[in-house]
Amino acid sequence: MKLTRALSLIFALVVAPLAHAATATSPDTAAIKQKLTEMLDVEVISMQDSPIEGVYQAMTNRGVLYISRDGSKLFHGSLYDLDKGMKNLTEAALAGPRLEMMKPLEDHMLVYKAKNEKHVVTVFTDVSCGYCRKLHSQMADYNKLGITVRYLAFPRAGVPSANADEMQAIWCAKDPLKAMTDAKAGSKVAAATCDAKIAEQYALGTTFGVNGTPAIVLEDGNMIPGYQPPADLLRTLEARQ
């Protein structure tokens with residue numbers, strides 16, 4: 001099921017009861033996970049109590065979903081704490097899991113390492129994205145400030161696509177870092193294949209809630225959507241220490 005179709009179902013569920021009426025007894029989390037999987041075609045990674053009493057928080061491969069304890073009502077979107085300066089509780093819930101979920105793909109990241117490394121960020125990037133190209137053109141400035149940049153692929157056209165094939169060619173090039181620089185400068189990279197795990201990288205970005213590039217995952221697991229100039233990114237990182 002396409003994500004757009006899944007989201008359409010989600011919004012329909014907000015205003016209408018589920019096809020299968022909930023029983024008087026609250027189902028256990030296993031039953032709710034099964035219902036989400038069957039109705040929305042999502043993979044439920046974990047489920048726990050949300051900050052709202054009587055509502056579960058489900059981490060899925062399509063982001064965070066909130067579902068009532070009886071399994072009959074579902075909400076998709078960000079949850080904010082009005083008493084804590086509009087803190088985004090959904091983003092906070094994703095932060096820790098993001099760091100763990102990135103670990104299996106660390107060997108497949110393209111890393112532009114700072115000589116005097118002070119911070120490490122992970123950027124979901126697309127070779128054809130204008131702001132991704134702007135960020136990459138300033139790579140030396142990020143590195144001079146002590147910021148190491150790690151790339152994960154997020155072909156905006158999805159997988160499979162010509163866009164994803166282009167990303168694979170970069171990851172599989174003899175010199176992937178140079179190939180990325182060349183591609184983002186507008187040069188064509190020769191086709192190449194290898195076990196680059198582009199599909200897995202894309203799927204991870206979708207799980208994280210990436211819906212545009214660049215998307216920057218900070219050291220604490222929080223994610224900033226969009227381009228950040230080098231000096232601004234450094235201030236953001238230092239403010240979180």
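Begin by selecting V123 and I216 in this predicted model: V123 stands opposite I216, which belongs to strand 10. Widen the selection to strand 8 (residues 119-125) and strand 10 (residues 215-217), and you have two strands that pair in the antiparallel sense over 3 bridges.

Next, bring in the rest of that sheet, which is open, has 5 strands in the order 7-9-8-10-11 and shows mixed pairing. At its edges stand strand 7 (110-112) and strand 11 (223-225), and each has a single partner strand, so one side of each is left without a neighbour in the sheet. If you look from strand to strand, neighbours in this sheet are turned by 25° against each other on average, with direction ignored. Now add helix 6 (residues 162-171), which packs on the sheet and touches strand 7, strand 8 and strand 9 (147-153), while its direction makes about 130° with that of strand 9.

Stay with strand 8 for the aromatic rings. A search of the whole structure finds 6 aromatic pairs, and one of them is formed by F124 and F208, whose ring centres are 5.7 Å apart and whose planes stand at 85°, so the pair is edge-to-face. Selecting both residues shows a link between distant parts of the chain, since F124 lies in strand 8 and F208 in helix 8 (residues 198-208), 84 residues apart.

Move on to the other sheet described here, an open one of 4 strands in the order 1-2-3-4, with antiparallel pairing. Strand 1 (44-49) and strand 4 (74-76) are its edge strands, each of them pairing on one side only. Select strand 3 (residues 63-68) together with strand 4 to see antiparallel pairing over 3 bridges, and pick out L65, which stands opposite H76 in strand 4. Helix 3 (residues 89-102) can then be added: this helix lies across strand 1, strand 2 (55-60) and strand 3, and runs at about 35° to strand 2.

Finish with two helices. The axes of helix 4 (residues 130-137) and helix 7 (residues 176-184) come within 10 Å and cross at roughly 125°, which makes helix 4 oblique to helix 7. Their crossing is left-handed. To see where they meet, show the side chains of C132, R133 and H136 in helix 4 along with M180, T181, A183 and K184 in helix 7; sorted by class, this contact has 3 nonpolar, 2 polar and 2 charged residues.

Definitions and conventions. Residues numbered from 1 in each chain as written. Predicted model: local features only at pLDDT ≥ 70, side-chain atom pairs only at ≥ 80, totals over all residues. Heavy atoms only, no water. Axes fitted to C-alpha atoms, helices over the stretch in contact; angles between N-to-C directions. Parallel < 35°, antiparallel > 145°, perpendicular 65-115°, else oblique. Left-handed = near helix turned anticlockwise from the far one by under 90°. Contact = heavy atoms within 4.5 Å. Nonpolar A, V, L, I, M, F, W, Y, C, P; charged D, E, K, R; others polar. Pairing = 2+ DSSP bridges. Phe/Tyr/Trp six-rings, centres within 6.5 Å; stacked < 30°, edge-to-face > 60°.
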